[in-house]
Structure formats: C-alpha cells, structure tokens
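With the structure open in your viewer, follow the stops below in order, selecting the residues as they are named.

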Amino acid sequence: MHHRIRSTLLMTLAMTLVMAMPLAAAPGGGNGGGGGGSTTLPNSIASLGDSITQAANLDGGNIGASHPEHSWSTGYDSGDIVNSHYERLLANNRKIKGQTFNKAVSGAKMDDAPAQADNVVATGAQYVTFLMGGNDVCTSSNTNMTPLSSFETNFRLAMDKLTTGLPDAKIYVLSVPDVYQLWRLFDGEWYPEWVWSTFDICQSMLDNSRTEADRQAVRAHNMAFNDILAAVCAEYTQCLWDNYGVFNYQFTRADVSGVDYFHPSMTGQKNLAQQSWAGGYWPTL
C-alpha cells in the first residue's frame with residue numbers, strides 16, 4: 001500500500017516538473033524580429049544589389065575591385081571584422097553553412113533588378129536581402145537620374161519574380177543610403193573631391209559645380225526612391241522594409257573607403273551589417 005502511494009507521488013512529481021519546464025526551441029530556431037516573429041531560421045541566403053553588396057573598393061584595394069567575402073549581407077570571411085547576415089545566421093543554424101549566394105552586380109541600377117531576381121530564384125534561397133538604388137541616384141549628372149516611374153516599375157517586377165519563384169522566402173529590403181551625407185563629410189577637401197572628379201563618382205551629387213539647390217534636388221530624388229521601396233514592399237507579405245534605417249544611419253569618415261571616398265570601408269561594411277540586422281527579422285540573435 002505504501003509502495004503504491006509512493007509510486008503515485010513520484011509520477012505526479014515527474015509530470016509536474018515536465019510541465020513546468022520551458023519548451024525547447026526547435027533546431028535552428030531564433031527570436032522573431034520585425035518581420036512577423038518568425039522562429040525558424042533560413043537554410044540559405046542570397047542578395048540582390050550593386051557594388052555595396054559586392055564590397056567593392058575596400059580600404060587597401062584598387063578601384064573597381066570587389067571583395068564579396070567581406071559583404072555586409074553574404075560575407076563569409078570569419079577572420080574579418082564584418083559580422084555579416086550570413087555569419088549571424090550560421091552562428092545559430094549550421095544548416096546554412098556554405099549556402100550563401102551573392103548575386104549583386106557592381107554598377108547595377110533598378111532596371112537590372114528583375115534579372116538579378118531571376119538569378120536569386122534559381123538558388124532557391126530562403127532569405128533574400130535587397131539593397132539597390134544608389135546608382136539610380138548617383139549618375140553622371142543631376143538631370144539624368146532614373147525616373148521615379150521606371151524605378152517603381154522595375155522594383156515591383158523584381159518583387160513579383162521573387163515572391164512567385166520563392167513563395168516561402170523572407171525578403172528584406174533596405175533603403176538607399178543618403179549620399180548627401182557623403183558630400184557633407186568631405187566637402188571642401190581637395191583629395192576626396194579630386195578622386196570623385198577623376199573617377200566620375202556620383203557626379204549628380206558630388207560634382208563641384210553643383211549648387212546647394214542641385215544637391216537638395218538630388219537628395220529629394222533619393223528620398224522619393226526610398227518612399228517607393230517602402231510602399232511597394234508593403235504590398236507583399238513576404239517583404240520586410242528597413243523603415244529608412246540605412247538612409248537615416250549617420251555614417252562617419254571611418255565608414256567610408258579611403259580608396260574612392262564613396263563605398264563603405266571595412267568598418268562601413270561592419271556597421272552596415274550591424275545596423276541593418278538590428279532592423280531585420282531576427283534582431284535579438
């Protein structure tokens with residue numbers, strides 16, 4: 001009789017302990033972020049974009065050289081200071097190891113996005129980052145920036161391709177950086193201005209002949225592009241917008257490459273990865 005009572009008490013205690021224990025996270029799980037509280041991490045990542053995502057013109061390199069291993073998005077060099085989105089995911093989900101696809105193309109404009117979207121769809125990626133538009137602002141003149149209607153049409157077409165081809169993927173769209181900040185950082189310094197002029201870098205904003213009114217008009221176009229990205233992204237349940245996070249980020253001289261005084265430096269790639277991750281799907285990882 002006493003033995004039966006003791007067994008019942010032990011069983012009751014065991015059940016109580018099991019019920020009191022917190023549920024374990026599923027393998028590869030993480031805390032949800034601004035993208036709807038997802039707890040399943042992706043097993044692959046791909047990126048659309050331009051030379052920023054290709055990590056072009058890093059410190060100590062040559063103008064025109066890309067270093068995708070240091071990219072803020074899909075970078076994979078564990079020995080650098082850039083903790084990319086891929087590396088942050090890898091630290092929490094080993095299934096993503098080696099499944100990183102950088103489809104960004106230096107010099108790309110938004111009219112290149114649909115073709116890049118096709119390339120990304122072919123990878124079957126479960127997480128896609130999208131940072132494009134800088135070259136639509138940064139043209140040879142302040143009069144030939146990409147028209148807003150064309151920008152919107154091509155962005156929507158790219159999103160249609162991504163969401164149709166990758167119906168379960170999470171898509172993270174970042175805002176176009178504020179190029180006017182770059183002008184403010186180096187305005188009046190002969191060497192950066194010489195580099196911009198010699199290599200024809202973002203002359204719509206950085207040409208010395210531009211007036212302040214010209215530059216404000218370019219900045220307004222930059223902001224209009226971001227408004228389009230925000231509005232179109234909101235039309236797709238798979239899309240997460242960075243809420244102007246990259247545009248509003250107050251970068252410093254340390255964030256800018258000393259090669260061309262335009263692209264992110266290694267520190268800039270590091271900070272871009274960190275800042276964009278904080279506004280993304282899994283900010284607490």
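## Starting at a salt bridge

Begin by selecting E235, which at 48% relative accessibility counts as partly exposed. Please keep in mind throughout that this is a predicted model. Now add R156 to the selection: the side chains of R156 and E235 meet in a salt bridge, with 2.7 Å from N to O. Because R156 lies in helix α5 while E235 belongs to the loop between α9 (212–233) and β5 (239–241), the pair ties together parts that are 79 residues apart in sequence. R156, at 24% relative accessibility, is likewise counted as partly exposed. If you then select E152 as well, you have the three members of a network of salt bridges, in which E152, R156 and E235 are linked.

## Two further salt bridges

The count of salt bridges comes to 5, and two others are worth a stop. Select R219 and D178, whose side chains meet at 2.8 Å, N to O. Here R219 sits in helix α9 and D178 in the loop between β4 (170–173) and α6, so that this pair ties together parts 41 residues apart in sequence. Is each partner buried or exposed? R219 is partly exposed, with a relative accessible area of 23%, whereas D178 is buried, with a relative accessible area of 3%.

Next, select E189 and R253, which form a salt bridge with an N to O distance of 2.2 Å. This pair links distant parts of the chain, since E189 is in the loop between α6 and α7 and R253 is in the loop between α10 (245–248) and α11, 64 residues apart. E189 is partly exposed, at a relative accessible area of 27%, and R253 also counts as partly exposed, at 42% relative accessibility.

## Along helix α7

From E189, move on to helix α7, which spans residues 190–198 and contains Y191. Which residues of α7 are buried? Selecting P192, E193, V195 and W196 shows them, as these residues of the helix are buried. They lie on the same side of α7, because they cover an arc of only 155° around the axis. In an α-helix there are 3.6 residues a turn, so residues three or four places apart point the same way. To see what covers the buried residues of α7, display α6 (179–186) and α8, which are included in that cover.

For the surface here, select I63, W190, Y191, W194 and F199, which form a nonpolar patch with about 580 Å² of accessible area together. Y191, one of its members, counts as partly exposed at 35% relative accessibility. Before leaving, select D200, which follows α7 and has a positive phi, near 55°.

## The disulfides

A search of the whole structure finds 2 disulfides. Select C138 and C202 to see one of them, with 2.0 Å from S to S. C138 is in the loop between α4 (134–137) and α5 (148–165), and C202 is in the loop between α7 and α8 (203–206), so that the pair, 64 residues apart, links distant parts of the chain. The link of C138 and C202 is left-handed, with -70° about the S-S bond. C138 counts as buried at 13% relative accessibility, and C202 counts as buried at 5%.

Then select C233 and C239, which are joined by a disulfide with an S to S distance of 2.0 Å. The link of C233 and C239 is left-handed as well, with -110° about the S-S bond, and both cysteines are buried. With bonded cysteines counted along the chain, the disulfides follow the pattern 1-2, 3-4.

## Helix α11 and the whole chain

For the last local stop, select T267 in helix α11, which covers residues 266–278. T267 counts as partly exposed, at 28% relative accessibility. Which residues does T267 touch, if those up to four places away in sequence are not counted? They are I81, A254 and D255. The C-alpha atoms of T267 and I81 are separated by 7.4 Å, although the two residues are 186 residues apart along the chain.

Finally, zoom out to the protein chain, which has 11 helices and 5 strands. Buried residues make up 48% of its 285 residues. Among the contacts with a separation of 6 or more, 73% are accounted for by residues 24 or more positions apart. The accessible surface comes to about 13,300 Å², and 56% of this belongs to carbon and sulfur atoms.

Notes
Residues are numbered from 1 along each chain as its sequence is written. This is a predicted model: local features need pLDDT of at least 70, side-chain atom pairs count only at pLDDT 80 or more; totals for chains, interfaces and linings use all residues. Side-chain values use heavy atoms; hydrogens and water are left out. Helices (H or I, at least four residues) and strands (E, at least two) are DSSP runs, numbered from the N terminus. Buried means under 20% relative accessible area, exposed over 50%, partly exposed in between (1.4 Å probe, protein chains only). Contact means heavy atoms within 4.5 Å. Patches are made of residues with over 30% relative accessible area and no salt bridge: like charges are joined within 9 Å, nonpolar side chains (Val, Leu, Ile, Met, Phe, Trp, Tyr) within 5 Å. Accessible areas come from the Shrake-Rupley method with a 1.4 Å probe; for residues, only the protein chains shown count as cover. A salt bridge is a side-chain nitrogen of Lys or Arg within 4 Å of a carboxyl oxygen of Asp or Glu. A disulfide is a pair of cysteine sulfur atoms within 2.5 Å. The arc is that of the directions from the helix axis to the C-beta atoms.
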